[in-house]
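Subject: Structure for you to look at

Hello,

Here is the structure I promised you. Please open it and keep it beside this email as you read.

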Amino acid sequence: MDRVADRLSALGSTAALELRGVTRMFGALAALTDITITVRPGERRAVLGSNGAGKTTLFNCVTGDFLPTSGTIRFFGEDITAFPPYERIRRGLRRTYQISALFLGLSVRDNVYLACRGVSRARFSMLRPSANDALMQAAERLIEAVHLTAVRDQMVSELAHGQQRQLEIALALAGAPRFILFDEPAAGLSPTERRELVEILTSLPPHIGYIIIEHDMDVALRVVESVTMMHNGRIFKEGAPHEIESDPEVQELYLGGGHE
Amino acid sequence: MSLIQEAQARDGGLTSRGAAARPAAWSVTEQPWAWAVAVLLLIMPIIANGFFLIEIFGTTLILGTIALSLMFLAGYGGMVSLMQLTIAGFAGYMVAVFGVSGNANISLGWPWWLATPMALVLAVLFGTLGGALAVRTEGIYTIMITLAIGAAFYYFTNQNWAIFNGHTGINTIATPHFLGIDWRMDVAFYYLTLAVAALCYFAVLYLSRAPFGLALQGVRDNPRRMAALGFNVNAHRIAAYAFAALIAGMGGVLQVWNYRQISPGSVAVERCIDILIVAVVGGITRPVGPYIGAFIFVILRTFALDFLVKVGLDGNRFRLLIGLGFLAIVFWSSDGVIGLYERWRKRGERGEARTRPGGHGHG
């Protein structure tokens, strides 16, 4: 590749996340076909689509769990297509999982502390943190932000589902995130917990952009400024929430489809 | 692997019954009787004679330390390595090769204070390389590849005469003399093993709550999420293998000083599996487990023979007893003797005061 051209295009690019022609094959099955998306820094976008539309595969390609079969992914101008997941995370990318991916054998505090440690230095430190350790305090603040202070010493396996979902979000907020991928954060939450979730999402600092996969339209359309509709691994439509909501084709395909 | 995961799940289930979460740190201060054990171990030379002191307690501490390295990998890292005894044996061989022994054509004759660090460095290198291979696999394949390394090393020592002196091994290995003490004398050697075992035990305990140890437990619980938090999971696993190799290597150095000889029989595949049995019987969820397992193992190995002969069976069947004990433990308590004790204690607590805030969960 022409490295000078690469660097120049990086300078000109202001996108937080830029996918160009991303395709992901599983054998003969195309889970993603020619996905091209540009998300500005601080932009909040929903990705909608029925099950099997390729939404989670899209997330997995962006975080590096799978490498795309073809296409490029840029994160704040840098080509991260072939980076291992941890290198992407260290650059400010975060994600949450549709099915909570927590450390069940550790306490809430240790879970959040690990998240803070993962994006800082001295990940291999063999010294125990002191009580006034900066990362430990950052972890405490995060625990407070997601309303888990009361259960911070409990094992994660003991938490209620809603609390685990809140912890899932806390792990993604550790360090200095620049862009977050939320994979169905409202899954299985009660109406009250959903309101708290919306509050957490809307109160994020404005420079933090995100993409949210969410089936609950009440949640999804209230916390985003743009929507991408996916269908069968392709981008089907893009627009503002009200445009997508009133689009007859979308209603036919998704909202009126009957199934989630 | 499922055994380990089950043990973890059981462990989680246990703690969920506790009022406050008790992370995997079983420090001396939390257990009043642990002080009694500590004092007992310190004054042991007054109570026990040479045979008991070395053959029972010294051997237990050495075996426990080697098994501790497996506990560290399996309990905190979810990686069952069957090559921990091989690493210990390798360190023992290196002490013999670099130090002084009866085989002058092989041994380089370095003083012990040079040969021992050299042996430990090489053992860590061995463990790191083996770990680098093993971390590319998961679960049962980790067991297979580490067993393969152990078996390969066994056959290599059998056939290599230039360094390992083939199946005869290396004999009359010199033991250290310093501060005017012959450290192979019973009491001195006992205190040496006790000091090394204590050092390793407290190091593992300390590390379990340090970022490195916490991250290892994170890798055990969910490697994919660890990567999504910015951790290089494989690098962490390899570092864990390196640390475990240091512990196993220290056990191996003590082992060779204890027997003053080493041969392929010391690194045979059965010995590798013994370490797994010791760790699992004791319990791989806590650092104290391997030492309890080692004690049971040594007692059985030493006395089962006499016992079997007394009841009219072949004395060589002592492995049958160990095997039955192993089956019983795994059947009733997947987290070993430690797990049995914890359940018994929890039951006692529940009997006294039924103030558990619900949440029985699974397990």
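Start with strand 8 of chain A, which is covered on both faces. On one side sit A:Gly209, A:Ile211 and A:Ile213, all buried. On the other side sit A:Tyr210 and A:Ile212, buried too. In a regular strand, side chains alternate between the two faces of the sheet. One caution: this is a predicted model.

How many of the five residues of strand 8 of chain A are buried? Five of the five are, so this strand (residues 209-213) is largely enclosed by the rest of the structure.

Now look at its partners. Strand 3 (residues 44-48) of chain A pairs with strand 8 of chain A in the parallel sense, over four bridges. Here A:Val47 has A:Ile213 as its bridge partner. Strand 7 (residues 179-183) of chain A also runs parallel to strand 8 of chain A, and five bridges join them. In this case A:Phe179 is partnered by A:Gly209. Add helix 7 (residues 191-202) of chain A, and strands 7 and 8 of chain A form a right-handed β-α-β unit with it.

Next, move to chain B. The axes of helix 4 (residues 50-77) and helix 13 (residues 288-310) of chain B come within 7 Å. They cross at roughly 135°. That angle is neither under 35 nor over 145 degrees, nor from 65 to 115, and the two helices of chain B are therefore oblique to each other. The crossing is right-handed. Residues making the contact include B:Leu63 and B:Gly64 of helix 4 of chain B, and B:Ala294 and B:Phe297 of helix 13 of chain B.

Best wishes

Conventions: Residues are numbered from 1 along each chain as its sequence is written. Chains are lettered from A and ligands numbered from 1 in the order in which they are written. This is a predicted model: local features need pLDDT of at least 70, side-chain atom pairs count only at pLDDT 80 or more; totals for chains, interfaces and linings use all residues. A residue is buried if 20 or more other C-beta atoms lie within 10 Å of its own, exposed if 12 or fewer, and partly exposed in between; C-beta atoms are placed from the backbone. Two strands pair if DSSP finds at least two bridges between them. A crossover is right-handed if, with the strands pointing away from the viewer, the path from the first strand over the helix to the second runs clockwise. Axes are lines fitted to C-alpha atoms, for helices over the stretch in contact, and angles run from 0 to 180 degrees between N-to-C directions. A crossing is left-handed if the near helix is turned anticlockwise from the far one by less than a right angle, and right-handed if clockwise. Two residues are in contact if their C-beta atoms, placed from the backbone, lie within 7 Å.
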